[in-house]
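Here are some friendly notes to read alongside the model. Please keep the structure open and find each residue as you go.

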Amino acid sequence: SHVGRDVLQSSSLFKDEAAVVWEYISNSLQYVDSGIKPRVSVEVQARKKVITISDNGRGMDRVDLQRFFTMHGENLDRTEGKLGRGRFGTGKSACFAIAKSLIVDSVKNGKRNVVRLDRDDLEKSEEQIPVDELVMDEPSEDENGTKVTLEGVFGKVKVQRVVEYTERHLQAFRSLSPEVLIDDIICEYNEPDFSEEFEFTADAETHGLLQGVCLSIKVSQAPLKPEQRGIAISAGEGNMVAIETGGV
């Protein structure tokens, strides 16, 4: 296949800037060192057409970055039996749903690496993802963490939409008590008031491998905004797979 076009095609999974920004926020929340409270800061520079997502996660070294930019690479955490999102390795492609360039600046274990990927180069590259290594294993005294920069953002970024989308999806990470800041707005998950709750537990006879899994449905006291509707489906704590509306 044409690898560059594969990356760009994968970006179509992301419908708007809210979904794109959340992709990088969720990666930041998922991949943190043990005992570290996750912190993520998002800055939208409208005039410069730039969005940056910075975190205090565990960072990436050159090997991690190589895996990050592999078209169909495995999620390392999942191969080691740990919970991890890693659905399609979409971090490298999400950017291109709304922007021209992706820059990843990461520090891990005292070494800093910076790489860049441009849409124009992707469109021309057939056999490999054309990553430009800007900094390689530069000594750094900074703590582990990663800054993702999206340059050349198309159109106007609806910050409030990004905030609402993020707050809805933060429910999957409540146990981590994360700090997420979008511009000057602190994002928090606030569960709507509900009047009824129903629970259904799967049994082995009718649901096989889903035995013991519980489905909880809460009925809101009042009509909800579209971004608040639906049932969150997860594959473990901090690992939301989808939000299902059931056709409602």
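1. Let's start with cover: α5 (91-94) and α6 (119-124) are among the elements in contact (heavy atoms within 4.5 Å) with the buried residues of α1. Helices here are DSSP runs of H or I with at least four residues, numbered from the N terminus. Helix α1 spans residues 3-10, and its buried residues are V3, G4, D6, V7 and L8. Buried means under 20% relative accessible area, exposed over 50%, and partly exposed in between (1.4 Å probe, protein chains only).

2. A word on the source: this is a predicted model, in which local features need pLDDT of at least 70 and side-chain atom pairs count only at pLDDT 80 or more, while totals for chains, interfaces and linings use all residues. Residues are numbered from 1 along each chain as its sequence is written, and side-chain values use heavy atoms, leaving out hydrogens and water.

3. Now find K92, which sits in helix α5. What does its side chain reach? The backbone oxygen of T70, at 3.0 Å. K92 is buried but has no salt bridge (a side-chain nitrogen of Lys or Arg within 4 Å of a carboxyl oxygen of Asp or Glu). The nearest side chain of opposite charge (Lys and Arg positive, Asp and Glu negative; His and chain ends not counted) is E23, 8.8 Å away.

4. Finally, the cysteines. C187 counts as buried because its relative accessibility is 3%, whereas C214 is partly exposed at 40%. The disulfide count is zero, taking a disulfide as a pair of cysteine sulfur atoms within 2.5 Å.

Terms used. Helix = DSSP H or I, 4+ residues; strand = E, 2+ residues; numbered from the N terminus. Polar contact = N/O pair within 3.5 Å; in protein donor to acceptor, adjacent residues only side chain to side chain.
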